[in-house]
Amino acid sequence: MDSYKTNHECVTYGDMNSRNILIARSDKLPYLIDFDQAHIGSPVYDLAYILSEFYVSAHFYKKPGIFSLMIDMLDVYFARTSSSRRDLIESQMSNHLAVQVIYRFNGPSRDSWTHYVDEESKPWIIASATRLLAEDPEPVTLFLEEQVRELT
């Protein structure tokens, strides 16, 4: 948490989730709404926030294709950055993704984000995400590739 609080790289959206992304019928472009949590921080925050939503769904519905789409999304994002920068963001994002997944089950808006997950599946999804918490975490894309293999 201390590391994130001192990281002031860019403007972050702060609430990157599927409910805040609208696709216009006319031009098919995505538009973001609800900027009240925007702040100066790290891109790790927004990436982990949206991926945590997909992560829970991928595990609950047992859809390895969702993990593959997450990897593709990160590849598109990282195509615009250096390999050293990618390594840094990926390692930071592993811990942040774990925290975001756990928060979706235990935070104040848990009924909104994980209402569809049955009580039997919750501990399994949380345990899976907890594996990401490490002092020297593996890159998040390697972890997601592992999740694809486990579900197939």
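## Ala58 and its surroundings

Ala58 touches Lys63, Ile66, Phe67 and Leu151, leaving out residues up to four places away in sequence; contact here means heavy atoms within 4.5 Å. This is a predicted model, in which local features need pLDDT of at least 70 and side-chain atom pairs count only at pLDDT 80 or more, while totals for chains, interfaces and linings use all residues. Residues are numbered from 1 along each chain as its sequence is written, and side-chain values use heavy atoms, with hydrogens and water left out.

Ala58 belongs to helix H2; helices (H or I, at least four residues) and strands (E, at least two) are DSSP runs, numbered from the N terminus. With a relative accessible area of 0%, Ala58 is buried. On this scale, buried means under 20% relative accessible area, exposed over 50%, and partly exposed in between, with a 1.4 Å probe and protein chains only. Looking further along the chain, Ala134 is 76 residues away from Ala58 in sequence, and their C-alpha atoms are separated by 22 Å.

## Ser57, next along H2

Ser57 also has its place in helix H2. The relative accessible area of Ser57 is 17%, so Ser57 counts as buried. Apart from residues up to four places away in sequence, Ser57 touches Lys62, Ile66 and Tyr116.

With Tyr116 there is something extra to look at: the side chains of Ser57 and Tyr116 are joined by a polar contact of 2.9 Å. A polar contact is a pair of N or O atoms within 3.5 Å; within protein, one must be able to donate a hydrogen and the other to accept it, and residues adjacent in sequence count only if both atoms are side-chain atoms.

## Aromatic pairs

Now to the rings. A pair of aromatic rings is described by the distance of the centres and the angle of the planes. Rings of Phe, Tyr and Trp (its six-membered ring) pair if their centres lie within 6.5 Å; planes under 30 degrees apart count as stacked, over 60 as edge-to-face and the rest as tilted. By this rule there are 8 aromatic pairs. In one of them, Tyr55 and Phe67 have ring centres 5.5 Å apart and planes at 80°, so the pair is edge-to-face. This pair links distant parts of the chain, with Tyr55 in helix H2 (residues 43-61) and Phe67 in helix H3, 12 residues apart. Tyr55 is buried at a relative accessible area of 0%, and Phe67 is buried with a value of 0%.

A further pair, Tyr77 and Phe78, has centres 5.3 Å apart and planes at 75°, so this one is edge-to-face too. Tyr77 is partly exposed at 32% relative accessible area, whereas Phe78 is buried at 4%. Ring pairs also link Tyr55, Phe67 and Phe143 into a cluster.

## How H3 meets H4

Two packed helices are described by the angle between their axes and the distance between the axes. For helix H3 (residues 64-78) and helix H4 (residues 83-106), the axes come within 11 Å and cross at roughly 145°. Axes are lines fitted to C-alpha atoms, for helices over the stretch in contact, and angles run from 0 to 180 degrees between N-to-C directions.

On the H3 side, Leu74, Asp75, Tyr77 and Phe78 meet Arg86, Ile89, Glu90 and Met93 of H4. By class, this contact has 5 nonpolar, no polar and 3 charged residues. In this grouping, Ala, Val, Leu, Ile, Met, Phe, Trp, Tyr, Cys and Pro count as nonpolar, Asp, Glu, Lys and Arg as charged, and the others, Gly among them, as polar.

## Loops and strands

Asn17 sits in the loop between strand S1 (10-12) and strand S2 (21-23), and at 3% relative accessibility Asn17 counts as buried. The side chains of Asn17 and Asp15 share a polar contact of 2.9 Å. Setting aside neighbours within four places in sequence, Asn17 is in contact with Tyr49, Ile50, Glu53, Arg104 and Trp113.

Most residues other than glycine have a negative phi, and most peptide bonds are trans. Asp34, not a glycine, has a positive phi of about 70°. Asp34 lies in the loop between strand S3 (30-32) and strand S4 (39-41) and is partly exposed at 33% relative accessibility. Lys62, in the loop between H2 and H3, has a positive phi near 55°.
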